[in-house]
Every structure is written in C-alpha cells, then in structure tokens.
Amino acid sequence: MVKVAIIGATGQVGSYAAHAISQIPQIKEVTLFGRDGNQQYLEGLSRDLVDSFAARGTNTRISWSCDEKDLRGSDIIILTSGAARKADQSRLDLAVENGKIVARYAEKIGRTASEALLLVISNPVDIMTAVALKYSNLPPHRVFGLGTHLDSMRLKSCIAEFFNVHVSEVHTRIIGEHGDTMVPLWSATTIGGIQINNLPAFSHLPKDKIMERVKTSGSLIIRSKGSTVYGPGDAIATVVRTIVEDEHRILTVSAFIKKEVHDIGSVCIGVPARITRGGVFPVPIKLPDDELEAFRNSTETIRNVTRQVFESLEERE
C-alpha cells in the first residue's frame, strides 16, 4: 500500500505523472497537491482521473488538497512545481525563481512528511535537488531528482535508431548536468552486451550530432507544442515503479555525491544510483580521462549556480 503525493499536480507534467503512476499495482493512493486558489482545477482533475481509472479498471484512490497536512503519510512525494521553461531559456535561467518555490515546499515536506522519499522534477533539477535537500532537512538518500534519466533514454533511442536494433538492446547513460554540460558515457555503452566501440559501425556514429539532438530535444518540444509532458511523465513513473517494487535498479538520477566519482566533492548532480524502497544510493564509478574532465566541468557549473541560488535564498530569510 503506497501513497504518492504530487506537488504541482495542476501542471501538465504533474497531471500526466499522476495518470502514469496510477498503473503501478502497488500505488493505492495518489494525492494531487496544488497551491491555494487551484481548488476548482484540482477537483476537476481528480474527477477526470477517477473516470479514467474506472474505464481502465484501476483501483487507485485519488484525493486532492492545498493543505500541507494532507502530505502526511506519503511514501513518495513528487515535486514538479516551478515556472515552466520557455523555448529560448536554458534550465539554469530558472534557478533563482524556482529555488524560492522549491525551498518553500521542501520546508513543508520536512515538517509534515519527513519519512517520505522526495523526487524533484522542477528545473534546473540538479540545483533544485540541492535546494530541496537543504530546506527539507531530510537525509541525502531520501532526496533526489529526475536528473539525466530522461536524457539517457533519449540517447538510448538515438543509438538504437542508428544501429537499427530494438531499444532494449542498448544500454547507455548520461551523467552530469541535466542541461548543456551533460556527459555521455560512451565508455559504458553496449549494444546486445557488446561494447559499442567494438562494433565497426561505431566509427560512423555521429556522436556530436546525436548529443546535440539529446540536448535540444526539450527546447524543440516546447517550441512545437508548448511543453514536454509524456517523456518526463513516463520517466517519473519508471523511477516510482523502481522504488515501490524495490528493484535495486541502477538509474541515472540527480543525487548528492561526495567521493563516489573520483572524489569530486559535495554536489547534487546526475550519476548512476541504486534505487530501492529505502532510498537512492550513488554507485562509485571510475571514468576515462576525457569523460572525467567533462564531468568535472559539469559539476563546477552546477556547483557555482547552486552557490548563487543559496546566497539568493539566504537573503530572503
């Protein structure tokens, strides 16, 4: 019996995530949480989802609230609140504005649902994960962000398309920032269990073009239809399923690390992590020199902006 609360459920990602996670058998209650003034929308959304569940035969309870006390008893809280990114914005452009929103909700979670796992979706997700960790006062293994999980899936899809293989045959991941400085781990990429650089066709793989496609995918979708919805929503559902089924899968999410990657130092950033019912645990890894240099650059970018956001938040206190 698992209860999930979605903060920011009135947004498109939050509402679709509610629909996606409701298909997980262990999820017995989903609470749609929004800010005061959104009661009418939340009521309508909850009724729409109830109709969907009835048509689908899903036995999941839906509730809605604008009162933080109703976060109590949540096993997982998904934080999607924040200003939406425009097509011409980088995710880092949202850092200070969304930092204020995330800090406020993180404090509420720390007061009322301190036993929950907190999954951060709000962008820039690595920095917002750090904000949520600080202001919730939850332990690091219980606060994490979607990170580069969706980016890794986008890269996986591109590689499968190039090699003309089923996407399940490709294993790859992107680490670092969920943004411009993300780092593909070609050294850890396999197709059908074969190291990708052992395949003759790898020499013709347009790596730079593929990575540009991965990096700009979100902006292209936003320009075309206004927002990304289904990719993030189903990525969220994958992470939630991994937690509730205690799968111990390794996914690439934004997590707090110190020494796990070449003693890189304290930062919340996308890394491979083992995900369980008990939380998220980064996996120690070693990287070849070129990928390590790129990862160090990514961590410095995130660390610097995180510092600026914390300074801004401290000024408001």
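Helices (H or I, at least four residues) and strands (E, at least two) are DSSP runs, numbered from the N terminus. In this predicted model, N137 takes a positive phi of about 60 degrees just after helix α4. The model is a prediction, so local features need pLDDT of at least 70 and side-chain atom pairs count only at pLDDT 80 or more, while totals for chains, interfaces and linings use all residues. Residues are numbered from 1 along each chain as its sequence is written, and side-chain values use heavy atoms, with hydrogens and water left out.

**The chain as a whole**

- The secondary structure of the chain comes to eight helices and 14 strands.
- The radius of gyration is 19 Å, which agrees with the value near 20 Å for a compact globule of 317 residues; this radius is taken over C-alpha atoms, and the globule rule is 2.2 Å times the number of residues to the power 0.38.
- Along the principal axes, the C-alpha atoms of the chain fill a box of roughly 55 × 50 × 40 Å.
- Of the 317 residues in the chain, 54% are buried; buried means under 20% relative accessible area, exposed over 50%, and partly exposed in between (1.4 Å probe, protein chains only).
- Among contacts (heavy atoms within 4.5 Å) between residues at least 6 apart in sequence, 72% join residues at least 24 apart.

**Helix α4 and its two ends**

- Before the helix, P124 has its place in the loop between β5 (117-120) and α4.
- A cis peptide bond joins N123 and P124, with omega about -5 degrees.
- Helix α4 covers residues 125-136, and its twelve residues reach 16 Å from the first C-alpha to the last, close to the 16 Å expected at 1.5 Å a residue. The expected span of a helix is 1.5 Å times one less than its number of residues.
- Eleven of the twelve residues of α4 are buried, and the helix is thus mostly covered. The buried residues are V125, D126, I127, M128, T129, A130, V131, A132, L133, Y135 and S136.
- T129 lies in helix α4 and counts as buried because its relative accessibility is 0%.
- Leaving aside residues up to four places away in sequence, T129 touches V120, V143, F144, G145, S254 and C268.
- After the helix, N137 is found in the loop between α4 and β6 (143-145). The phi of N137 is a positive value in a residue other than glycine.
- N137 is exposed because its relative accessible area is 67%.

**Helix α7 and the loop after it**

- Helix α7 (230-244) is followed by a loop that leads to β12, and D246 is found in that loop.
- The 15 residues of α7 reach 21 Å from the first C-alpha to the last, close to the 21 Å expected at 1.5 Å a residue.
- The buried residues of α7 are P232, G233, A235, I236, A237, V239, V240, T242, I243 and V244.
- Just after α7, D246 takes a positive phi of about 50 degrees, and D246 is a residue other than glycine.
- D246 counts as partly exposed because its relative accessibility is 36%.

**Strand β12 and I257**

- I257 is found in strand β12, which covers residues 249-257.
- At 0% relative accessibility, I257 counts as buried.
- Residues up to four places away in sequence aside, I257 touches I264, G265, S266, V267, I269, V271, P282 and F295.
- F281 stands 24 residues from I257 along the chain, and their C-alpha atoms are separated by 9.2 Å.

**The largest pocket**

- About 890 Å³ of space lies in the largest pocket. On a 1 Å grid over the protein atoms alone, a pocket is an open set of points where a 1.4 Å probe fits, with protein on both sides within 12 Å along at least five of seven lines; lining residues have an atom within 4 Å of a point. Grid points are joined across faces, edges and corners, and a volume is the space filled by probe spheres set on the points.
- The largest pocket is lined by 36 residues, of which V13, T80, G82, A83 and A84 are the closest to its centre.
- The elements that give two or more residues to this lining are α1 (12-21), α3 (95-112), α5 (149-163) and α6 (207-225). With four residues, α3 gives the most.
- By class, the lining has twelve nonpolar, 19 polar and five charged residues. Ala, Val, Leu, Ile, Met, Phe, Trp, Tyr, Cys and Pro count as nonpolar, Asp, Glu, Lys and Arg as charged, and the others, Gly among them, as polar.
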